[in-house]
Each structure stands twice: as C-alpha cells, then as structure tokens.
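Here are some notes on the ligand site, set out as numbered points. Please read them with the structure open.

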Amino acid sequence: MSHQVYINGAFVDAEHAVISVWDHGFLYGDGVFEGIRAYHGRVFRLDQHLSRLYTSAHSIHLEIPVPFDEVRDAVLESCRRNEIADGYVRLVVSRGKGDLGLDPRKCSTPSVVIIASGISLYPEEKYRDGLRLIVSSVQRTPPQCLDSRIKSLNYLNNILARIEANTTNADEAVMLSTSGHVTECTAENIFTVSNGVIRTPAPFVGILEGVTRGAVIEVARKKGLVVEETTLTSHDLFVADEVFLTGTGAELIPVVTVSGRKVGTGKPGPVFQQLLSDFRALTRAEGTPIQTVPSVF
Ligand code: PXG
C-alpha cells in the first residue's frame, strides 16, 4: 500500500496530501504541532503529546475541530495503514485557509494533518562519541513574547540557532534566555550532571516542557538520583561532568564539547549511559498499542 496521510478526517495517498497556499500555517506559521514516537508497536506517551497539542492550540485560540479521542484513533490508524511499529508521527494543526491578511477570523476550519513515517535519527556514532554543541548567539524568544510551552509552527528562532551550529561545524546549538540563562537546544531539552546531581533548566526559564525530559526526570528519580529544575549558565555547561540532550527524535544523546570546551572526560558519561538504558527500557514497557480493535476509519 502507498504511504497514507491523514488530512481533515480522511486518509489520502501521500502524493495527494496537499495543503492550500491560503492556509495560515503556510502564510504565517499560525498553528501547532507534535512529534511523537512509536516503539515496538506502541506509541510512547501518546496522551501526553495530545494534551500538549490541545493545550498549545487552546492557548493560541485555535479550537481543534476533531475530538481528542478521534485524533488519538487517527494517530494509531496512521501507524497501522503505514505498517509502522517503530517510527515517527508528525501531527500538525494549522489555522486553516484564510485570505492574505493575518486575521484568523478569516480561517473557518483548522487543518489537521497526521504523517506517520520512519524516523531519521542522529547517526549511531553520535550516541557513542557525543555531540559538539555551541552556545548560540541567537537568544530564545522570551516567554513574555511567545510562551515557550506552546509547540507552535514558529521555529524560525530555533532554525537561526541551528544555522549557526551548521555554519560553525557544530552538531547542535543551545540557546540562552534574554537574561543569559540556558534554555534548551533547537529541538531538545538539556541536562547537566555535576557531582552526581542532575540539573535541567526549570520551566520558568522559558523552555518547551519536553515529554522526553519529563520521562528522564521520572526514571532518574525512581533510581534515587537527585534532579534539580533550576537555572543554569553556559559556565555550568562548560564545567559539568556530563551534558546530554533529550527529545522525541534524539531520545537521550550525549554532548562532549560546548563551544570548544571539553565536557568532563570528553566521552559520554556513566549517568547518561544509565539513563539512556532506563529510558529505552521504559519505551519497551509502556505505550498505547497500535494494533487494537476496532477503528472508526
Ligand atoms: N525543545 C524544543 C524547542 C523542541 O522542539 C523539545 C524541546 C523536546 O521535547 P519532546 O517532547 O520531544 O521530548 C522539542 C521537541 C522535529 C521534531 O521533527 C521536533 C521536536 C520533537 C520531535 C520532532 O523537528 N521538538
């Protein structure tokens, strides 16, 4: 069967999966999205991702025209139709078709799109050898301007930081807040380990509250490790024993240099290794089964 994409209540072949040029998601980046992972025939923390999607939409005054349970079903059906047991699901809800003015009142129906596909990960050697990170000169849009808990279609700020990483031959960029605190990377949250204590920027610093970040905090605390949600500066990254990133795509990935400074031994550290293994165990142990009965589609 060809690749099937869900658009506004129906599954269509990938080549016919098109969105109007009048859609305000395209014209203005007006919308929200989620990146979700399936492992071993189950979707990891599906309800958490969907809750974040609905919360983000509500915050931008966008009412998703499909009930929560139906979107949930549609995500699972997208995996079934595309025979995905391990993969990636991109859920996008945009403001919908409007005119060339930005007033959302001209957009009568939001567009809901679900793309289920394979996942393109960091190459395996990056998990073994670690990432080279830079502290970007691009500061993160402050939450006073756009709340960072909204997973919106506006990623230009992050993309500019990623371009800086690309042009300086780094793997990823970490963005500081306008007051100089570490926030997060362009598509991952960040953690440090110092003297056995795990630290990560607190939500008030202005971060996306990542699903993977939450799961890692959970597994670490379950192990009896101390996790502090706090404020960190670039100095804290430079002098940490370990630094690692978390995200749906990356899972947990180690960082071995930050703006040229070697982190710890310059090799992925033991706390990272332990947490990666615990996180992977969690992805094997939980999740919403894809092969369930019966579907509304
Ligand atoms: N911060 C930012 C800015 C993100 O975009 C995360 C943290 C990690 O959150 P999760 O919930 O994934 O642990 C993200 C996640 C993509 C893609 O394809 C982006 C994300 C996740 C999955 C895919 O660009 N961003």
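1. How far does a polar side-chain atom of Glu184 lie from a nitrogen atom of the ligand? The separation is 2.6 Å. Keep in mind that this is a predicted model, and the distance is a computed one.

2. Two further polar contacts involve oxygen atoms of the ligand. In one, the partner is an N or O atom in the side chain of Arg52, at 3.0 Å. In the other, a backbone N or O atom of Val211 is the partner, at 2.7 Å. Of the 530 Å² that the ligand exposes when taken alone, the protein buries 88%.

3. The pocket that holds the ligand is the largest one. Three elements each give two or more residues to the shell around the ligand: the strands β5 (87–94) and β13 (242–247), and the helix α6 (211–222).

4. The ligand is surrounded by 19 residues. Arg90, Tyr155, Glu184, Thr212 and Thr248 are the closest. Sorted by class, the shell has nine polar, five nonpolar and five charged residues.

5. Why does the ligand lie between domain 1 and domain 2? Domain 1 (4–118) and domain 2 (124–283) both contribute residues to the shell, so the ligand is placed between them.

Terms used
Residues numbered from 1 in each chain as written. Predicted model: local features only at pLDDT ≥ 70, side-chain atom pairs only at ≥ 80, totals over all residues. Heavy atoms only, no water. Near = heavy atom within 4 Å. Polar contact = N/O pair within 3.5 Å; in protein donor to acceptor, adjacent residues only side chain to side chain. Areas by Shrake-Rupley, 256 points an atom, 1.4 Å probe, with all protein chains shown as cover. 1 Å grid on protein atoms, 1.4 Å probe; cavity = no way out; pocket = protein on both sides within 12 Å on 5 of 7 lines; lining within 4 Å. Sits in = over half its atoms within 2 Å of the grid points. Helix = DSSP H or I, 4+ residues; strand = E, 2+ residues; numbered from the N terminus. Nonpolar A, V, L, I, M, F, W, Y, C, P; charged D, E, K, R; others polar. Domains from an automatic or database assignment.
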